[in-house]
Amino acid sequence: MWNSLSSSDNLILDMFKVALQLEEPWKLMHIEFDNQDQAWYLHLDFERGAVFACPLCGAECRAYDSDIKHWRHLDFWDWKTFMHARMPRVKCTSCNKVTQVYAKWARPLSHFTLLFEAWAMRLMAEMPVNAAARELREHDTRMWRIFHYYVDKAMSELDVTSVKRIAIDETNDERFAGRHKWAGTSSQSSSQRVPQRG
């Protein structure tokens with residue numbers, strides 16, 4: 001296993017620092033490359049005494065305790081990349097509560113970075129979820145969780161209060177030998193807007 005701590009040439013470490021664009025107080029401490037797993041492991045941390053915003057009220061707080069969290073990030077050079085960080089909880093004197101601080105680079109409780117999820121959604125828009133999962137080398141159930149989160153979020157924000165009429169149609173795709181594939185389309189008939197398709 002290659003480790004940036006045992007290398008005098010930190011060019012790769014510096015390159016990852018630029019690519020990640022971390023904000024204070026986060027720092028890339030060291031990286032590892034595992035030949036057997038063909039994967040990068042990026043270890044992030046914050047310095048002792050670092051200040052974080054309380055997730056509830058925004059007041060500045062120091063870390064109360066911490067726990068290591070892990071995320072799958074975008075691949076580097078076709079090798080899987082994982083980020084590991086010591087995520088703090090803060091004890092806020094304003095709220096009088098101990099609260100978990102979440103990473104800016106990932107959704108709360110997600111095991112993927114936002115950039116990875118954005119790329120996964122782009123792939124799933126162009127190909128079946130199973131195919132996208134194979135391309136990303138992830139289990140399809142994990143891709144479905146990403147898919148449902150963003151689709152459900154988009155649907156909950158969709159404003160249909162101005163819709164008065166809808167038009168529904170379906171078409172047959174006979175390119176599949178011996179089978180018929182039907183696709184239904186609905187649209188707002190006055191504007192031809194297509195809010196959903198299935």
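User: Let's start with helix 3. What covers its buried residues?

Analyst: The cover includes strand 5, strand 6, helix 2 (114-126) and helix 4. Keep in mind that this is a predicted model.

User: Which residues of helix 3 are buried, then?

Analyst: Helix 3 spans residues 129-136, and its buried residues are Val129, Ala131, Ala132, Ala133 and Leu136. Just after helix 3 comes Arg137, with a positive phi near 60°.

User: Can we step back? How many helices and strands does the protein have?

Analyst: Four helices and ten strands. Reading from the N terminus, the order is β-α-β-β-β-β-β-β-α-α-α-β-β-β. The protein has 198 residues, and 32% of them count as buried.

User: How do I read a nonpolar core, and which residues have the most contacts inside the largest one?

Analyst: The general idea first: in soluble globular proteins, nonpolar side chains tend to be buried together. Here, the largest nonpolar core has 26 residues, and Leu28, Leu42, Trp71 and Trp105 have the most contacts inside it. Two or more residues each come from helix 1 (11-20), strand 2 (26-34), strand 3 (39-46), strand 5 and strand 6 (79-92). Strand 6 gives the largest share, five residues. There's also a second, separate core of eleven residues, with Leu123, Ala132, Leu136 and Ile146 among them.

User: What does Trp105 touch?

Analyst: Leave out residues up to four places away in sequence, and Trp105 touches Leu22, Trp26, Leu44, Trp71, Met83, Ala85, Met87, Thr113 and Leu114.

User: Strand 3 keeps coming up. Why do we say it is largely enclosed by the rest of the structure?

Analyst: You count its buried residues: six of the eight in strand 3 are buried, so the strand is largely enclosed.

User: And how do I read its pairing with strand 2: parallel or antiparallel?

Analyst: Look at the sense of the pairing and at the bridges. Strand 2 and strand 3 are antiparallel, with eight bridges. For one spot to find on screen, Phe33 stands opposite Trp40 in strand 3. The two strands form a hairpin with four residues between them, and Gln38 in that turn has a positive phi of about 50°.

User: What about strand 3 and strand 6: parallel or antiparallel?

Analyst: That pair is parallel, over six bridges. Ala39, for instance, has Lys80 in strand 6 as its bridge partner.

User: Now a single residue. Is His73 buried or exposed?

Analyst: A residue counts as buried under 20% relative accessible area. His73 has 7% relative accessibility, so it counts as buried. His73 sits in strand 5, which covers residues 60-76. Its side chain makes a polar contact with the side chain of Thr113, at 2.9 Å. Setting aside neighbours within four places in sequence, the contacts of His73 are Leu20, Thr81, Met83, Thr113, Leu115 and Phe116.

User: How does Val151 compare with the cut-offs for buried and exposed?

Analyst: Exposed means over 50%, and partly exposed lies between that and the buried cut-off. Val151 has a relative accessible area of 28%, so it is partly exposed. You'll find Val151 in helix 4 (residues 140-156). Its C-alpha atom is 9.7 Å from that of Met121, although the two are 30 residues apart along the chain.

User: How much area does the whole protein expose?

Analyst: About 13,500 Å², with carbon and sulfur atoms supplying 52% of that.

Key. Residues numbered from 1 in each chain as written. Predicted model: local features only at pLDDT ≥ 70, side-chain atom pairs only at ≥ 80, totals over all residues. Heavy atoms only, no water. Buried < 20%, exposed > 50% of the residue type's maximum accessible area, 1.4 Å probe, protein only. Polar contact = N/O pair within 3.5 Å; in protein donor to acceptor, adjacent residues only side chain to side chain. Contact = heavy atoms within 4.5 Å. Core = buried A, V, L, I, M, F, W, Y, C linked by side-chain atoms within 4.5 Å. Pairing = 2+ DSSP bridges. Areas by Shrake-Rupley, 256 points an atom, 1.4 Å probe, with all protein chains shown as cover.
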